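Please explain how charged and nonpolar side chains are arranged in the protein shown here. An account suited to a first-year student is requested.

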Amino acid sequence: IFARAAGALQGVRVLHVSHLEALVAFVGSANNNIKRNMQMVEALCAHFGEATCIARRGGDGSPVESYYRFPTLAELATVSEAEL
């Protein structure tokens, strides 16, 4: 179905996210706008998730941007409420 609609929906991307990440983002969306909710998810990933990729710029090779996976339920279970 999406393949037929994709031509009319330029810029739409299909992402594969874990059920846990979708649940956390959904619960967080209740009291936040989209930008703030995405910042919350990114912060969770950066603080408690594992680095998956570091994009580097040419020349000096200094890091430009790091990407992190969403933490697992086991990883989040070890985090205190104060840390969140």
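**Charged pairs and a nonpolar core**

A suitable starting point is R69, which is partly exposed, with a relative accessible area of 26%. The model under discussion is predicted.

Across the whole structure, a search finds 2 salt bridges. In one of them, the side chain of R69 meets that of E50, with a distance of 3.5 Å from N to O. R69 belongs to the loop between β2 (63-68) and α4 (73-77), whereas E50 belongs to the loop between α3 (34-48) and β1 (51-56), so this pair ties together parts that are 19 residues apart in sequence. E50 has a relative accessibility of 48% and therefore counts as partly exposed, since that class covers values from 20% to 50%.

R69 also meets the side chain of E75 in a salt bridge, here at 2.8 Å from N to O. E75 is likewise partly exposed, its relative accessible area being 27%. Because these salt bridges share partners, E50, R69 and E75 are joined into one network.

Attention may now turn from charged to nonpolar side chains. The largest nonpolar core consists of 6 residues: A25, V41, L44, C45, F70 and L76. The element that gives the most to this core is α3, with 3 residues. Which residues is V41 in contact with, leaving aside its neighbours within four places in sequence? They are E21, A25 and F70. Of these, A25 and F70 are members of the nonpolar core, as is V41 itself.

Key
Residues numbered from 1 in each chain as written. Predicted model: local features only at pLDDT ≥ 70, side-chain atom pairs only at ≥ 80, totals over all residues. Heavy atoms only, no water. Salt bridge = Lys/Arg side-chain N within 4 Å of Asp/Glu carboxyl O. Helix = DSSP H or I, 4+ residues; strand = E, 2+ residues; numbered from the N terminus. Buried < 20%, exposed > 50% of the residue type's maximum accessible area, 1.4 Å probe, protein only. Core = buried A, V, L, I, M, F, W, Y, C linked by side-chain atoms within 4.5 Å. Contact = heavy atoms within 4.5 Å.
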